[in-house]
Amino acid sequence: MTERPGPAGDATGGPVPTTPVCYRHPDRETYVRCTRCDRPICPECMREASVGHQCPECVNEGRRSVRPARTAFGGGAAGRRGLVTRILIALNVLAMVLSILSDRGGDSMAGGSGLGGLLGGGTPLTHWGAVLAQWPPQFPVEGVASGEWYRLVTAMFLHYGLLHLLLNMYALWVLGRDLEALLGPLRFLGLYLVAGLGGNVAAYLFSQPNEASAGASTAIFGLFAAVFVIMRRLGRDTSAIVPILVINLIFTFTVPNISIPGHVGGLVTGAAMGWVLAYAPRMRRSVFQAAGTAVILVALLGLVIVRTAMLTG
């Protein structure tokens, strides 16, 4: 116990009374003790506990001993803030701003051929970053086939016009926050990127010659599929998801200048990622999820290599 001498005892030689002092501030008297270690603590050092007060050291020790909260699928509880969803939206908006600036007054915002001209046209930035594979002998080999693999990633952040951007960002805002809360930030980010990559790989494999494609919808369709798989895994009602997904598929197959391979590829890849994340065994959940994601990535990259060999061989 940390104490200091009180006033002198009486002349008969009785015990000298002492006054407890804070163990961190010896110049401060106190009669309050930490409920865990029983050391005296002053008001500055008091930390309110469920019963009484604790000292700062005991509070820190208790925090270290408490396991962080996890979601049902092993992710961090920080996903409830939706930070990754907000960052992804910000990146897409930033890419749209740069795309408009690169066009210098062209038809980047509207005037394209999609949705009756409501979608914007291409810009120098979309020409640089969209998925593109021009086939010989009619066209020179360029795009992904010429080694520009970055297009498989950049294409999921570029859009043809503001309407294209707003539709995708609204869907990302609605789906992303719930999925991020269920999966955690890291797993949600992995789902988004792998689904988007899968859609762009499909666009590279099956699009017509000289046909570029871009947009976050490859990843968005993956989120739709993942929501369905995860809700089924949790035993929740999926009746509200199916009509929305069907409507989006109808638009995909009926509206001109929408990448059918990109949307369907994102849907299939998102479903695969959703299954890996939702059905991983509890005992080795993280290992199974990482291994499953790696298998999907290797399969996608293998398809790109095979397709490139066919185009350039």
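Axes here are lines fitted to C-alpha atoms, for helices over the stretch in contact, and angles run from 0 to 180 degrees between N-to-C directions. The model on screen is predicted, so that local features need pLDDT of at least 70 and side-chain atom pairs count only at pLDDT 80 or more, while totals for chains, interfaces and linings use all residues. Residues are numbered from 1 along each chain as its sequence is written, and side-chain values use heavy atoms, with hydrogens and water left out.

**Helix 6 against helix 9**

Select helix 6 (residues 185-206) and helix 9 (residues 260-278), whose axes come within 7 Å and cross at roughly 145°; helices (H or I, at least four residues) and strands (E, at least two) are DSSP runs, numbered from the N terminus. The crossing of helix 6 and helix 9 is right-handed, where right-handed means that the near helix is turned clockwise from the far one by less than a right angle, and left-handed anticlockwise. Now show the side chains in contact (heavy atoms within 4.5 Å): helix 6 contributes residues including G190, V194, G198 and A202, and helix 9 residues including G262, G266, G270 and G274. The residues of this contact comprise nine nonpolar, nine polar and one charged, with Ala, Val, Leu, Ile, Met, Phe, Trp, Tyr, Cys and Pro counted as nonpolar, Asp, Glu, Lys and Arg as charged, and the others, Gly among them, as polar.

**Helix 2 against helix 6**

Keep helix 6 displayed and add helix 2, which packs against helix 6 at an angle of about 35°, with the axes 10 Å apart. Here V84, T85, L88 and N92 in helix 2 meet P185, F188, L189 and Y192 in helix 6, and the contact divides into six nonpolar, two polar and no charged residues.

**The nonpolar cores**

Stay on Y192 and ask which residues it touches, not counting residues up to four places away in sequence. They are L88, N92, M156, F157, L172, A216, A219 and L223. Next, colour the largest nonpolar core (a set of buried Ala, Val, Leu, Ile, Met, Phe, Trp, Tyr and Cys residues joined through side-chain atoms within 4.5 Å), which has 55 residues, and of these L172, Y192 and L223 touch the most other members. Its largest share, ten residues, comes from helix 7. Apart from this core lies another, of eight residues, among them C34, I41, C45 and C55.

**Salt bridges**

Finally, look for salt bridges (a side-chain nitrogen of Lys or Arg within 4 Å of a carboxyl oxygen of Asp or Glu), of which the count comes to three. Select E44 and R28, whose side chains meet at 2.6 Å, N to O; both residues lie in the loop between strand 2 (18-20) and strand 3 (47-48), 16 residues apart. E44 is partly exposed at a relative accessible area of 48%, as is R28 at 31%, where buried means under 20%, exposed over 50% and partly exposed in between (1.4 Å probe, protein chains only).

Move on to E57 and R39, which form a salt bridge at 3.0 Å, N to O. E57 lies in helix 1 (residues 56-65) and R39 in the loop between strand 2 and strand 3, so the pair ties together parts that are 18 residues apart in sequence.

The last stop is R151 with E148, a salt bridge of 2.6 Å, N to O: is each partner buried or partly exposed? R151 is buried, with a relative accessible area of 4%, whereas E148, at 24%, counts as partly exposed.
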